[in-house]
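Me: Got a minute to go through this model with me? I'd like to start with the ligand and then look at how the chains meet.

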Amino acid sequence: MAVVLSNEFVSRGICRMTVAFKGDVLPGQFFMLRAWDKDPLLSRPISVHDYEDGKLTFLYQVVGKGTEMLSRLTPQSDVTLQGPLGNGFPRITGDLCVVGGGIGIAPLYYLVKNYRKHNPDGKCRVYLGFRDVAYGVEDFEQAADEVNLDIGGIITDQLQVASGEVVVTCGPEVMMKSVAKVVPAENRVYVSLEAHMACGIGACLGCTCATKYGNRKVCQDGPVFLRDEVFYV
Amino acid sequence: MAVVLSNEFVSRGICRMTVAFKGDVLPGQFFMLRAWDKDPLLSRPISVHDYEDGKLTFLYQVVGKGTEMLSRLTPQSDVTLQGPLGNGFPRITGDLCVVGGGIGIAPLYYLVKNYRKHNPDGKCRVYLGFRDVAYGVEDFEQAADEVNLDIGGIITDQLQVASGEVVVTCGPEVMMKSVAKVVPAENRVYVSLEAHMACGIGACLGCTCATKYGNRKVCQDGPVFLRDEVFYV
Amino acid sequence: MSKQLATKFGEILFKNPVVPASGTFGFGREYEAYYDLEKLGGLCSKGLTLEPKPGNSGIRLWETPAGLMNSIGLENPGIDAFIEKEWPHLKELDTVTVVNVGGKDEESYLQAIEKLNAIEVKLIELNISCPNVKAGGMAYGMKAKTAGDITKKVVKLSNHPVMVKLSPNGDSVADIAKACEESGALGISLINTVQGMAIDYKKKAVVFDNLYAGLSGPAVKPIALRMTHQVCQAVKIPVMGMGGISTWEDALEFIMAGATCIQVGTMNFVNPLAPLDIIDGLQAYCEKEGLANIAEVRGIF
Amino acid sequence: MSKQLATKFGEILFKNPVVPASGTFGFGREYEAYYDLEKLGGLCSKGLTLEPKPGNSGIRLWETPAGLMNSIGLENPGIDAFIEKEWPHLKELDTVTVVNVGGKDEESYLQAIEKLNAIEVKLIELNISCPNVKAGGMAYGMKAKTAGDITKKVVKLSNHPVMVKLSPNGDSVADIAKACEESGALGISLINTVQGMAIDYKKKAVVFDNLYAGLSGPAVKPIALRMTHQVCQAVKIPVMGMGGISTWEDALEFIMAGATCIQVGTMNFVNPLAPLDIIDGLQAYCEKEGLANIAEVRGIF
Ligand SMILES: Cc1cc2nc3c(=O)[nH]c(=O)nc-3n(C[C@H](O)[C@H](O)[C@H](O)COP(=O)(O)OP(=O)(O)OC[C@H]3O[C@@H](n4cnc5c(N)ncnc54)[C@H](O)[C@@H]3O)c2cc1C
Ligand SMILES: Cc1cc2nc3c(=O)[nH]c(=O)nc-3n(C[C@H](O)[C@H](O)[C@H](O)COP(=O)(O)OP(=O)(O)OC[C@H]3O[C@@H](n4cnc5c(N)ncnc54)[C@H](O)[C@@H]3O)c2cc1C
Ligand SMILES: Cc1cc2nc3c(=O)[nH]c(=O)nc-3n(C[C@H](O)[C@H](O)[C@H](O)COP(=O)(O)O)c2cc1C
Ligand SMILES: Cc1cc2nc3c(=O)[nH]c(=O)nc-3n(C[C@H](O)[C@H](O)[C@H](O)COP(=O)(O)O)c2cc1C
Ligand code: FES
Ligand code: FES
């Protein structure tokens, strides 16, 4: 049980919720959230958008019943959190190039912030693509060296990856596949996957994805995978 | 859809909710209430406790999921009402003796108030029995000529019915049966029944009770019946 | 009449494919206070038997997660009283009144059917699937053989088209549906309620006097959708699908699975306007998708 | 060990009657982060097959009202890998590890069973009821005859007691249970998931690559409770009941219906501590009611 500190719409259909939480939280990890009895039955996986000073932030899109119920939580109300879950992004040491599409930007902000903290001299470039309205861009502008924005177009059209940059992408599957395609083979590319989840901890095998090395669980072995592991080539 | 005007606990586990409603509402009628999507599935039958100036009041006991959810409604929130349903109490002209037990007092207050309005010269006596804590008693004291209270005992022990009085009772089945037993055969006795209900309007046959005249639907033909109709003798 | 929703079930024309289900709609009168019944594609009567039936004793309704259990036990006024008191009103309605018929043995089914020959019923729904009466119809509905036998006799005797309502509690529904088709049924409807049990642990007692009861509502939808699909794959006659339909999206899924019409049961209790909301939703869907008729998305799997 | 909850299932002693269900608990490790597995009466392994299986493609989970559909398709590392990697850990636990075994044909069942003879399993759960694999166990579980046949062969070959897990999708569960009892099963467990279907109307597509999938969770509880009762009435061997159990009250109802142990499946996903909450609730109930052992309320109907 955690207490909601704030929960507000930051754009149409996009909510940012901050809750009180103490623990070790890595970029790319996620929590299973619920704030209802048994309707809907399952908890909802939501990535860590930010974590600092005991304040855990989620950025989520209202798409169905669960996220709709989350969006109606008021400050001081309770939300049940299970997590942090998953492995998150690996610690990145070289230069970083981040490509986010739509609500896929959610886990990338904490990644960028954390990268900046551990790599004061590293270069961090960000590409953000949105269908119609942009959100969260200022946060990235503060944390990254360069932010490229695209609205209504195809973000990979402008994507230019420098040699040696590590690329991290999260967004619609088509976008991630296209990023995986355009980025030269020599660059390391990490993708953050989604799958329907029941347990979130590796017990149900509901979130399996096929990889080079056989089945992997998105929740426990991911949600972050190397591009070529998951055949995104 | 109706708007909640107020909703407060008046005693332990007992809530009084007032909602805005316009219509003709008779004492003894009830509404089907819901303030949730599909969990629980069915609406909850709750009697009219009071109705005046577009303000409809319910007095209800929190016993399970539905009433618990009702009790958490805050002013200005919406509640879905279907009703008024059922026939309610007949217009009473002679003297009135009302016997309520526990939350069974809910429909009796509006009855007494209404009786007073239409029978300025009639005599109205009230017996109220509670297991441990009394509630709502003052309201009855204002509306009736005499209020007899019992806490922790058996209300029918003190019940004395005058010749010609019409008796109306609502409460636990054992209490109503015992009222039906001790009141002389010459007095008319009305009982207000409960039954699990799905539709509330006579379509599902889930609330049937056996009567002298065959099956009757508590929702549509009742909830008020004559003592001898329902074999409460 | 909506061009997009008009639906032929065999030779019978329904304004739209939405039909309140038997036992959840009385004889329609109660819902007339809420809307004009002529907006409906059709409606099913409460299950009728030859003789009046008082139904089951004890608690008859019990809520379950996303479901409702009932043990009404076919309480009904009997065919004669129906013909005398309800039919004159129903027959005037410009909608398809489906008459649901139950029975305790062959004799009682056939006598009931014979009596119905006297009135102009457009469609009979032969209930061989009520789980709530001991000597009741479900016995017939559990096996293909018995379902086929009773169907054949009823079809032969009846002046009206007969749709057989199947139980989800017996042998493979597809086999039973095929047997009914071969026996001359004009259509199939399914599912009736799923047999379940409820216990009141506080009272250390079984909830229903009749021990088991019938489960309906959203909880059973995935099961009902699967069975509807199985039956639609197995037979050529039209199917009315039901079981847990609560929104137009649910209704559409049953149609995509192959149902010609759909019935709405338990949801009438949750929202008395549910059938209308479903009709409106399907209409809007057809318009949005540019369908000339809802049939374009029927049975697409 | 709690005196009130200690439960004998045949000759096997369970600390308490609460056992996480196969396929919802991995091999236990994931839940070790949440609590000490030795608090459990037992636990069931993910369904194992002779060979490793990758499971089904496509979407594997779909939520329904108060329910969950899954089409995992018995993804598992195979018996050998289980014995090598999971068993060393599991066998050290002071709780009853039940090994769930599936198969695609008689041969594969028997070879798997034979391999398990090499380890000290306390109880095998023979899964003849998985609805999610085409050439899978459910074929055996649909009819009393085939269920009895495979049970007989497995019991004969196995060094360990065998409990047979029944499907709710076939012929009368009571008949199937009786056939398994006659064939030497030590116990029965039920229900496996109920076959259902899901359609994504927006995509005009069936959700699961495998067309149908298995429904579990609170939605199926009334059905599971009824079947558990039917089986408990039909056989003398002990029964593990399951299907939609989410609270200790639910568990108690299954016990009152006759179940010796109960399994908790889907609820592990909703609340990882569900089995412990159920154990605590049952313990408190025994104390409040002054029961010397929970058996006093078992099978009271
Ligand atoms: C590891 C992970 C991290 C995620 N992080 C975020 C995030 O930070 N912000 C955000 O907005 N969304 C995130 N998502 C997606 C989010 O989980 C879904 O949008 C959400 O579950 C939808 O629930 P709903 O009840 O509103 O929608 P419904 O469509 O009603 O949900 C029905 C069912 O489908 C599942 N489901 C629906 N969409 C998805 C999806 N895209 N991925 C997985 N399951 C889905 C639900 O969990 C539920 O079980 C993440 C998903 C995963 C797997
Ligand atoms: C005509 C009528 C008028 C009523 N008026 C009042 C009133 O004014 N104040 C009040 O406190 N209560 C009243 N009740 C009882 C009230 O309906 C129940 O207490 C309420 O439905 C319980 O719902 P729950 O979800 O809190 O409890 P749960 O026990 O979780 O409900 C489970 C199911 O059982 C049904 N149920 C449980 N108890 C009863 C009951 N006593 N009668 C009928 N159905 C029940 C519920 O409706 C629901 O379907 C009335 C009942 C009827 C039939
Ligand atoms: C209270 C109630 C009474 C019912 N009575 C009948 C009946 O008389 N005859 C019949 O064929 N089906 C009867 N049914 C079954 C419904 O017609 C329908 O098949 C079932 O409820 C599944 O649909 P649903 O989930 O939409 O309710 C009844 C169902 C309920 C809930
Ligand atoms: C994701 C998932 C995987 C399952 N895998 C198996 C399995 O491998 N073997 C098996 O016998 N049952 C399996 N089951 C069925 C459960 O063990 C149980 O019988 C069923 O889910 C009903 O119980 P519940 O409603 O408590 O979940 C699985 C169920 C789920 C939800
Ligand atoms: S969500 Fe259960 S294994 Fe990943
Ligand atoms: S509640 Fe449906 S008939 Fe009375």
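Reply: Sure. One term up front: a polar contact is a pair of N or O atoms within 3.5 Å; within protein, one must be able to donate a hydrogen and the other to accept it, and residues adjacent in sequence count only if both atoms are side-chain atoms. With that, a backbone N or O atom of D:Gly265 sits 3.0 Å from an oxygen atom of ligand 4.

Me: What should I know about the model and the numbering?

Reply: This is a predicted model, where local features need pLDDT of at least 70 and side-chain atom pairs count only at pLDDT 80 or more, while totals for chains, interfaces and linings use all residues. Residues are numbered from 1 along each chain as its sequence is written, chains are lettered from A and ligands numbered from 1 in the order in which they are written, and side-chain values use heavy atoms, leaving out hydrogens and water.

Me: Which residues come nearest to ligand 4?

Reply: D:Ser22, D:Lys165, D:Gly217, D:Gly244 and D:Thr266, out of 23 residues around ligand 4 (near means a heavy atom within 4 Å).

Me: Why is the site shared between chains?

Reply: Because the residues surrounding ligand 4 come from chains A and D.

Me: How far is ligand 4 from D:Gly244 and D:Thr266 in those polar pairs?

Reply: A polar backbone atom of D:Gly244 is 2.6 Å from an oxygen atom of ligand 4. For D:Thr266, an N or O atom in the side chain is 2.6 Å from a ligand 4 oxygen. Ligand 4 exposes 600 Å² when taken alone, and the protein buries 98% of that (areas by the Shrake-Rupley method with a 1.4 Å probe).

Me: OK, chains now. Which pair has the most contacts?

Reply: Chains C and D, among the 4 pairs that touch, with contact meaning heavy atoms within 4.5 Å. Chain C and chain D give 38 residues each to that contact.

Me: How much area do chain C and chain D bury?

Reply: About 3,200 Å² between them, 71% of it on carbon and sulfur atoms. Buried area is the accessible area (1.4 Å probe) that two parts lose on being put together, summed over both.

Me: How many salt bridges across that interface?

Reply: The rule finds 2, needing a side-chain nitrogen of Lys or Arg within 4 Å of a carboxyl oxygen of Asp or Glu. One of them pairs D:Glu289 with C:Lys204 at 2.7 Å, N to O.

Me: And which chains don't touch?

Reply: Chain A and chain C don't, with their nearest C-alpha atoms 9 Å apart. Chain B and chain D have no contact either, and their closest C-alpha atoms are 9 Å apart.
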